[in-house]
Amino acid sequence: MKYTLQINTGSFDILKVYDINDVLDRLNYAFSVIDVDRVILGWNNCVDINKTIIDLCAKNNTEVFLWLPVFADVRRIDKSDKLVFLNENNDSSISVVEGENFEFICPNSEANIDEVIETYKYLSTQCHFDGVFLDRIRYASMANGFDSLLGCYCDKCLDVYKNNNINIDNLKTKTIEDFIPCGMNNGLYDFADEDINKLFTIKRNIVLDSVNELIDRFHALDLKVGLDVFAPAISDYVGQDVSSLAKKADFVKPMMYSVTNAPAGIPFELNALGEDIKNKINELWGCDISSPEGFIKQIENLKGNIVPGVEVNKLDICNASEEYLEQCIKTGVSLGLKGMVLSWDSLHADKTMFEVAGKYNG
Ligand SMILES: [Zn+2]
């Protein structure tokens with residue numbers, strides 16, 4: 001197993017790394033005990049710390065990817081096309097992680113795509129990156145509130161719905177019960193209501209088209225592109241068709257977070273979707289999707305360079321243990337995976353976690 005270290009230096013406003021010697025100590029230890037082939041770093045613009053980490057990675061023949069938020073927690077919300085809710089609820093942000101509010105913008109906007117490139121330029125003026133790692137390439141989830149499931153209703157998105165003959169008045173009458181799937185095809189859900197099926201298809205296509213455009217534009221800048229996506233069993237609720245997204249990307253990291261009680265954590269998102277949807281999802285996948293068996297079933301049929309992410313943090317909102325990490329890595333080994341990402345912040349992981357990962361080097 002080769003490992004990617006995901007390193008969270010903070011958001012645009014809040015630097016979460018205080019002591020460069022501590023950073024070097026932890027990273028040197030990680031490099032000494034585990035096979036690291038990639039580092040994901042972001043997204044505070046702390047040039048000294050970024051450069052120090054990049055230099056250390058160069059000495060260890062490790063690629064560095066710049067972690068970039070795409071459709072939420074963006075750098076300049078005032079330059080972005082906002083997301084418009086169907087039912088005029090405008091406060092759906094969540095505060096679980098300091099400096100990140102999960103306030104989403106419209107994924108169907110050229111201006112918002114341009115702004116991602118601008119943000120890359122802003123963060124890379126004095127630092128060289130081998131690639132970018134695109135995060136928040138999705139719609140808000142049910143954790144942001146029910147309206148988030150219904151997508152965006154800006155003028156551009158309304159045009160798309162019109163062209164696809166969606167009955168918006170019908171969507172306005174929907175409740176969470178209407179989003180209990182009645183079937184599943186290649187990991188994508190079917191619903192009894194035809195307008196919901198059309199809406200889910202459009203959301204998938206909008207995210208895919210925008211992400212593919214970003215991949216093309218970053219490839220043209222000679223940068224590799226990695227993608228952060230939800231665990232496949234819950235990704236369809238945020239507009240992510242993981243199989244399709246994996247086609248163009250250099251790697252895709254499904255967040256197989258079974259102990260994260262924050263956005264993208266499987267228990268957190270299932271709790272927001274509610275007991276009925278959770279039970280139906282587990283029934284359709286034939287297992288508890290938070291279990292090791294669920295990990296296997298969600299990953300085994302994916303094509304492309306799939307590098308699942310597992311947690312290594314011990315926090316109140318993320319209680320990863322050595323036993324949990326070892327179970328996840330063993331599951332990855334049984335799937336024949338060549339790599340996994342130690343998320344979501346290797347810089348704040350105990351050294352014992354690196355020792356566990358090191359047992360499966362190679
Ligand atoms: Zn829109």
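A residue counts as buried here if 20 or more other C-beta atoms lie within 10 Å of its own. Keep that in mind as you look around this predicted model, in which buried residues make up 45% of the 362 residues.

**The whole chain**

Start with everything shown as a cartoon. You should find 13 helices and 12 strands. The radius of gyration is 20 Å, close to the 21 Å that the globule rule gives for 362 residues, so the protein is as compact as a globular protein of that length. Along the principal axes, the C-alpha atoms fill a box of roughly 60 × 45 × 35 Å. Now think about contacts between residues at least 6 apart in sequence: 80% of them join residues at least 24 apart.

**Strand β4**

Next, select residues 131-135, which form strand β4. How many of the 5 residues of β4 are buried? The count is 5 of the 5, so the strand is largely enclosed by the rest of the structure. Turn on the side chains and look at each face in turn. Gly131, Phe133 and Asp135 are on one side, Val132 and Leu134 are on the other, and all of these are buried.

**The neighbouring strands**

Keep β4 on screen and add residues 63-69, strand β3, which pairs with β4 in the parallel sense over 5 bridges. Here you can pick out Trp67, standing opposite Phe133 of β4. Then add residues 224-230: this is strand β7, and its pairing with β4 is parallel too, over 4 bridges. Look for Lys224 in β7, the bridge partner of Gly131.

**Zoom in on Val132**

Centre the view on Val132, a residue of β4. Val132 is buried because 29 other C-beta atoms lie within 10 Å, against a cut-off of 20 or more. Which residues does Val132 touch, leaving aside those up to four places away in sequence? Show Phe65, Leu66, Leu68, Tyr120, Phe218, Leu223 and Val225 to see them. For a distance to check in your viewer, pick the C-alpha atoms of Val132 and His219: they are separated by 9.7 Å, although the two residues are 87 apart along the chain.

**Last stop: helix α11**

Finally, move to residues 292-299, helix α11, and highlight its buried residues Gly294, Phe295 and Gln298. They cover an arc of only 105° around the axis, which puts them on the same side of α11. To see what the buried residues of α11 pack against, display α7 (232-235), β8 (251-255), α10 (275-285) and α12 (322-334).

Key:
Residues numbered from 1 in each chain as written. Predicted model: local features only at pLDDT ≥ 70, side-chain atom pairs only at ≥ 80, totals over all residues. Helix = DSSP H or I, 4+ residues; strand = E, 2+ residues; numbered from the N terminus. Rg over C-alpha atoms; globule rule 2.2 N^0.38 Å. Buried ≥ 20, exposed ≤ 12 C-beta atoms within 10 Å, placed from the backbone. Contact = placed C-beta atoms within 7 Å. Arc of directions from axis to C-beta. Pairing = 2+ DSSP bridges.
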